[in-house]
Amino acid sequence: MKKSFITIALFLIAVIASAQPQGYYDAAQGKTGQVLRAALHGIIKGHTSVSYNQMLQHFPQTDAKPNGKVWDMYSDIPGGTPYYQYNFNDNCGNYSGEGDCYNREHLWPQSWFNEKAPMKSDFFHIVPTDGYVNGKRSNYAFGEVGNVEWSSTNGSKLGKCKYPGFNGTVFEPIDEYKGDIARSMFYMTVRYYGEDSGWDSSDMTNKCTIKQWALNMLLEWHRSDPVSQKEIDRNEAVYDIQHNRNPFIDNPEFAEMIWNPSWGLEDEIVSSEINVYPNPAASYFNVEGADIQMIKVYGLNGALVTAVQVAQCDTMTSINVENLKNGLYLVSVIKVDGSVVTRQIVVK
C-alpha cells in the first residue's frame, strides 16, 4: 500500500449535518466531475432574486453575531474581541478608515461579472464588511500573501501572492474564514455555470470558471477550514430568502467530487476484482471479491463508522447502512495480503 487510508483521511473535510430539504440533491447522486457541476447548477439555478437595496434589510437575518452585531469576516477576531463592531444601522458609503461603517462586499467582485443581475444581489457571495477594508480588497483576487503591504486590524492582508501559479496582488482573509470564502466561490462557479456569456475574466477567474491555481488554493482552504455553524445558519437564512442553497455547505464532499474526483483513491491499489454495489445504497451494499479480510467504512471526517471482519471463505459481504446519514462514504477493503482497495459509496 503506497498511501494509508489514515493519511488520506487527514485531509478529508467534515460532514456537517444541516436541515437540507429531503431529496433536494437527488439529481446529483452518483455523479462526479463536470457532470456533477452541471447537475448542481440545475438544482440551484433560478433562485428568487431580491433587489440590491433590499439586501441591507435582510442582513440581520443572514449575518448577525450571537450578540446581535454585524458578522464582519474582515474585522472579526474569533475567540477574541474585535477592535470595533457594527450595529446594522451603521451602513454607509463614505469612510476614511477602519471602524467608520460597513457596506456590501461582493466576494466575487462585481467587475468580474460586469455588475449584472442576478449576481449583483446573490446572498451567497455578498456579505457585510468594513467599508475601508472592503475598499482595500477592491477587486483583487483572493490569495496567500508573501510580503505584506497592508493589514487590517484582524489580520486580513494585502500583498503579492506567494501561492504557486500567481504572483500578482491578492487579498488574504484570516484562516478562520478561508473555508467560508472558498465555498462562496465554489457556489458562484456552479450557480452560474453556462450563464456567464456576459462575464469578464480576472486574475482568479475565466468568466465563471475558477483558474487552476486559485482552484487548488481554494480546495486547500475548504479542507483546512471546515463548514462552521455560522455557515449552516446562514445557508438556512439565505434559503428562506432566495430559495436555493449552497451545495458546498450542505455537502462539503461535492468540491472534491467535482474538481478532484479521484480523491481518496490516489496511490491506492485499485482492483477490478473488488466490486461494491448497489451504489447509491439505500439500506445495504455488497462487497464482492476474493481474499478479503476486513471491510471498514469511513465518514468524510476520517471517523470509522463500521467495520466487518470477513470469513476467509466468503466472497460476498453485505454491509448494513440503514443507520447512516445520507452522503458519501469511503469503503476500505483490506485483503489478506495486507493490500487495500478503496471505493466510494453514496448512501441515500
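Helices and strands here are DSSP runs, numbered from the N terminus, with at least four residues (H or I) for a helix and at least two (E) for a strand. The model is predicted. Let's work through it together.

**Exercise 1. Find the loop that holds P280, and describe the cis peptide bonds there.**

Step 1: P280 sits in the loop between β9 and β10.
Step 2: The bond from N279 to P280 is cis, with omega near 10°.
Step 3: P278 also has its place in the loop between β9 (275-277) and β10 (284-288). A cis peptide bond joins Y277 and P278, with omega about -10°.
Step 4: For context, most peptide bonds are trans.

**Exercise 2. Check the length of helix α7 against its residue count.**

Step 1: α7 covers residues 229-242, which is 14 residues.
Step 2: The expected span is 1.5 Å times one less than the number of residues. For α7 this gives 20 Å.
Step 3: The end C-alpha atoms of α7 are 20 Å apart, so the two values agree.
Step 4: Now look just past the helix: H243 takes a positive phi of about 60°.

**Exercise 3. Decide how enclosed α5 is, and describe how it meets α7.**

Step 1: Take buried as under 20% relative accessible area. In α5, 14 of the 14 residues are buried, so this helix is largely enclosed by the rest of the structure.
Step 2: The buried residues of α7 include I232, A237, V238 and I241. Among the elements that cover the buried residues of α7 are α5 (178-191) and α3 (54-62).
Step 3: The axes of α5 and α7 come within 11 Å and cross at roughly 35°. The crossing is right-handed.
Step 4: G179, D180, R183 and Y187 of α5 make the contact with K230, E231 and Q242 of α7. Sorted by class, this contact has 1 nonpolar, 2 polar and 4 charged residues.

**Exercise 4. Work out the strand order of the open sheet and name its edges.**

Step 1: The 4 strands follow the order β12-β11-β14-β15, with antiparallel pairing.
Step 2: β12 (304-309) and β15 (340-347) are the edge strands, as each pairs on one side only.
Step 3: From one strand to the next, the twist averages 20°.
Step 4: Inside the sheet, 6 bridges join β11 (residues 292-298) to β14 (residues 327-335). One bridge partner of note is V333 in β14, which pairs with I295.

**Exercise 5. Locate S138 and state its phi and exposure.**

Step 1: S138 is in the loop between α4 (131-137) and β3 (141-142).
Step 2: Its phi is near 55°, a positive value in a residue other than glycine.
Step 3: With a relative accessible area of 37%, S138 is partly exposed.

Notes:
Residues numbered from 1 in each chain as written. Predicted model: local features only at pLDDT ≥ 70, side-chain atom pairs only at ≥ 80, totals over all residues. Heavy atoms only, no water. Buried < 20%, exposed > 50% of the residue type's maximum accessible area, 1.4 Å probe, protein only. Contact = heavy atoms within 4.5 Å. Pairing = 2+ DSSP bridges. Axes fitted to C-alpha atoms, helices over the stretch in contact; angles between N-to-C directions. Left-handed = near helix turned anticlockwise from the far one by under 90°. Nonpolar A, V, L, I, M, F, W, Y, C, P; charged D, E, K, R; others polar.
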